[in-house]
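Reader: Could you take me through this structure? I would like to begin with the overall fold and then turn to particular residues.

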Amino acid sequence: MKFGFILLLSIVAGVLSGEHFHSFMVGFGIAAVAVGTGYWLAFRSTRYPQLAALLLLMGVVAKMGVTVVGVMWSLEANLINSPFVFSLSYLFFSIVATYLYFTLREFQMNRTAKMNALETQAA
């Protein structure tokens, strides 16, 4: 249901921003790459728990870096013709991408926990 609502809202927003579709898609692309990069860096598994704060900080800096570089590149290439549509698209898709990444992480952790429980029962 949630995924359907997100998909419906994304399609409606894309149709409503039809005149500025490039700005909409640039917002989507930069948000997805920035959140993915930050997520990948922030949630690395390490043997040293002391590095958790450093990894989170690196994830935030990477997200900001990808966003700044992406916006600068898009402005240079004249892909953003409506800053308002771009900013709304970036905000919406950064929230959606964060939700989807954390949902994926929760699913993977539950699956790993079930596999570990099955292994301990079998042993």
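Author: The overall fold comes next, followed by one helix pair and a few individual residues. Please keep in mind that this is a predicted model.

Reader: How many helices and strands does the protein chain have?

Author: The protein chain has 4 helices and 0 strands. Along the sequence, the pattern reads α-α-α-α.

Reader: What is the radius of gyration of the protein chain, set against that of a compact globule of 123 residues?

Author: The protein chain has a radius of gyration of 18 Å, whereas a compact globule of 123 residues would be near 14 Å. Along the principal axes, the C-alpha atoms fill a box of roughly 60 × 35 × 15 Å.

Reader: And what percentage of the residues is buried?

Author: Buried residues account for 27% of the 123 residues. The chain exposes about 8900 Å², and carbon and sulfur atoms supply 73% of that area.

Reader: Turning to contacts between residues at least 6 apart in sequence, what share joins residues at least 24 apart?

Author: That share is 75% in the protein chain.

Reader: Let us move to the helix pair. At what angle do α2 and α4 pack?

Author: Helix α2, residues 21-42, packs against helix α4, residues 83-122, at an angle of about 35 degrees. Their axes are 7 Å apart, and the crossing is right-handed.

Reader: Which residues of α2 and α4 meet?

Author: On the α2 side, the residues include F24, F28, I30, V35 and Y39. Among their counterparts in α4 are F86, Y90, F93, Y101 and R105. By class, this contact has 15 nonpolar, 6 polar and 1 charged residues.

Reader: Where is L91, and how far is its C-alpha atom from that of G27?

Author: L91 lies in helix α4. Its C-alpha atom is separated from that of G27 by 8.0 Å, although the two residues are 64 apart along the chain.

Reader: Why does L91 count as partly exposed?

Author: L91 counts as partly exposed because its relative accessibility is 49%, and that class runs between 20% and 50%.

Reader: Now the loops, please. What is notable about the phi of N78?

Author: N78 has a positive phi of about 55 degrees, although it is not a glycine. Most residues other than glycine have a negative phi. N78 is found in the loop between α3, residues 52-76, and α4.

Reader: Is N78 buried or exposed?

Author: N78 is exposed, because its relative accessible area is 65% and the exposed class begins over 50%.

Reader: Where is R44?

Author: R44 sits in the loop between α2 and α3. With a relative accessible area of 41%, R44 is partly exposed. R44 and L55 are 11 residues apart in sequence and 7.5 Å apart in space, C-alpha to C-alpha.

Reader: Finally, where is G18, and how far is its C-alpha atom from that of V66?

Author: G18 is in the loop between α1, residues 2-16, and α2. The C-alpha atoms of G18 and V66 are separated by 25 Å, and these residues are 48 apart along the chain. G18 counts as partly exposed, at 45% relative accessibility.

Definitions and conventions
Residues numbered from 1 in each chain as written. Predicted model: local features only at pLDDT ≥ 70, side-chain atom pairs only at ≥ 80, totals over all residues. Heavy atoms only, no water. Axes fitted to C-alpha atoms, helices over the stretch in contact; angles between N-to-C directions. Helix = DSSP H or I, 4+ residues; strand = E, 2+ residues; numbered from the N terminus. Left-handed = near helix turned anticlockwise from the far one by under 90°. Contact = heavy atoms within 4.5 Å. Nonpolar A, V, L, I, M, F, W, Y, C, P; charged D, E, K, R; others polar. Rg over C-alpha atoms; globule rule 2.2 N^0.38 Å. Buried < 20%, exposed > 50% of the residue type's maximum accessible area, 1.4 Å probe, protein only. Areas by Shrake-Rupley, 256 points an atom, 1.4 Å probe, with all protein chains shown as cover.
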